[in-house]
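Let's walk through a structure together, one question at a time. Have the sequence and the 3D view at hand, and try each question before reading on.

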Amino acid sequence: MERISIIDYGRGNILSVRRAFESQGAKIEFVSTSQEIMKAKKLVLPGVGAFKDGVEELYKRDLVRGIQAYCKEGKPFLGICLGMQMMLGESEEFGLTKGLGLIPGRVVRIKNISVEGKEQKVPHVGWNELYYTRSVEGTILHGITEKVKMYFVHSYFAVPEDESYRLADTYYGKWRLSAVIKKGNCYGTQFHPEKSGEMGLKIIQNFVKL
């Protein structure tokens, strides 16, 4: 049974994430110190809420150094929703805030006007299709057909500095938003795979098997 470590820092829906991973045969442990993080085989950073609050909580609990050191070792890492956004270098939400710096880039707000000039709701809430930017073979999207719909809830989105860090995008108001990012074995999903039905669970299964 594969062991998955979920970071508990008071800012994520860790119980639903836990249930999703357990449904795919994983053994779950919650970790809350850098020492525990460094011992992990596969690490998950969930998250809901504001970027600044999430990062401040990670610093307050002295978890940032552990996460950064873990990812430098090349071991599998998955950031979900806010967890994905915090992987980037900085965010403009509620003022410029420094992130984990695992992937170069910035988190910016979704426009409330579509490409066609029509008003659109923010946050973006609902099911949207994934469009692959490169081959997904051997990644957490392996075996998943393009244009599958996943469940999104967010007002901000990640903009990696390099296109090579994008694995899949989605579109909202015809604006391109990054949906899955990847650098080495570090992955991030803007959507919630644990809330995205059968194909969302397939992503979780793929991560378990990495």
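Q: Over the ring of which residue does the charged end of Lys111 sit?
A: This is a predicted model, so each value here is computed from its atoms. For a charge to sit over a ring, the NZ of a Lys must be within 6 Å of the ring centre and within 35 degrees of the ring normal. The charged end of Lys111 lies 5.3 Å from the centre of the ring it sits over, and that ring belongs to Trp175.

Q: How many aromatic pairs does a search of the whole structure find?
A: Rings pair if their centres lie within 6.5 Å. With the whole structure searched, the number of aromatic pairs is four.

Q: Is the pair of Trp127 and Tyr151 stacked, edge-to-face or tilted?
A: The ring centres of Trp127 and Tyr151 are 5.7 Å apart, and their planes stand at 55°. Planes under 30 degrees apart would count as stacked and those over 60 as edge-to-face. An angle of 55° fits neither, so the pair of Trp127 and Tyr151 is tilted.

Q: Which strands hold Trp127 and Tyr151, and how many residues apart are they?
A: The pair links distant parts of the chain. Trp127 is in strand β8 and Tyr151 in strand β10, and the two are apart by 24 residues.

Q: Are Trp127 and Tyr151 buried, partly exposed or exposed?
A: Buried means under 20% relative accessible area and exposed means over 50%. Trp127 has 44% relative accessibility, while Tyr151 has 22%. Both values fall between the cut-offs, so Trp127 and Tyr151 each count as partly exposed.

Q: What is the geometry class of the aromatic pair formed by Tyr131 and Tyr171?
A: Tyr131 and Tyr171 have their ring centres 5.6 Å apart, with 80° between the planes. Planes over 60 degrees apart make a pair edge-to-face. The pair of Tyr131 and Tyr171 is therefore edge-to-face.

Q: How many residues apart in sequence are the parts that the pair of Tyr131 and Tyr171 ties together?
A: Tyr131 has a relative accessible area of 27% and Tyr171 has 39%, so Tyr131 and Tyr171 are each partly exposed. Tyr131 lies in strand β9, and Tyr171 in strand β12 (residues 166-172). The pair thus ties together parts whose separation in sequence is 40 residues.

Q: Are helices α1 and α6 roughly parallel, roughly antiparallel, oblique or roughly perpendicular to each other?
A: Helix α1 (residues 14-23) packs with helix α6 (residues 197-209), their axes 9 Å apart and at an angle of about 70°. Angles of 65 to 115 degrees count as roughly perpendicular. Helices α1 and α6 are therefore roughly perpendicular.

Q: Which residues of α6 does α1 meet, and what are the classes in this contact?
A: From α1 come Ala20, Phe21 and Ser23, and they meet Leu201, Ile204, Phe207 and Val208 in α6. By class, the contact of α1 with α6 has six nonpolar residues, one polar and no charged.

Q: What is the C-alpha separation of Ile203 and Ile144?
A: Ile203 is in helix α6 and is buried, with a relative accessible area of 1%. Leaving aside neighbours within four places in sequence, its contacts include Ile140, Leu141, Ile144 and Phe191. Ile203 and Ile144 are 59 residues apart along the chain, with a C-alpha separation of 8.1 Å.

Q: Is Phe51 buried or exposed?
A: Phe51 is in helix α3 (residues 51-60). Not counting residues up to four places away in sequence, Phe51 touches Leu82, Met86, Thr97 and Val107, among others. Its relative accessible area is 0%, so Phe51 is buried.

Q: Where is the cis peptide bond that has an omega of about 15°?
A: One of its two residues is Pro123, found in the loop between β7 (103-109) and β8 (124-129). The bond with omega of about 15° joins Val122 and Pro123.

Q: What phi values do Phe94 and Lys147 have?
A: Phe94 is in the loop between β5 (88-91) and β6 (97-98), and Lys147 in the loop between β9 (131-132) and β10 (149-154). Phe94 is exposed, at 62% relative accessible area, whereas Lys147 is partly exposed, at 49%. Neither Phe94 nor Lys147 is a glycine, yet phi is positive: about 55° for Phe94 and about 75° for Lys147.

Conventions:
Residues numbered from 1 in each chain as written. Predicted model: local features only at pLDDT ≥ 70, side-chain atom pairs only at ≥ 80, totals over all residues. Heavy atoms only, no water. Axes fitted to C-alpha atoms, helices over the stretch in contact; angles between N-to-C directions. Helix = DSSP H or I, 4+ residues; strand = E, 2+ residues; numbered from the N terminus. Parallel < 35°, antiparallel > 145°, perpendicular 65-115°, else oblique. Contact = heavy atoms within 4.5 Å. Nonpolar A, V, L, I, M, F, W, Y, C, P; charged D, E, K, R; others polar. Buried < 20%, exposed > 50% of the residue type's maximum accessible area, 1.4 Å probe, protein only. Phe/Tyr/Trp six-rings, centres within 6.5 Å; stacked < 30°, edge-to-face > 60°.
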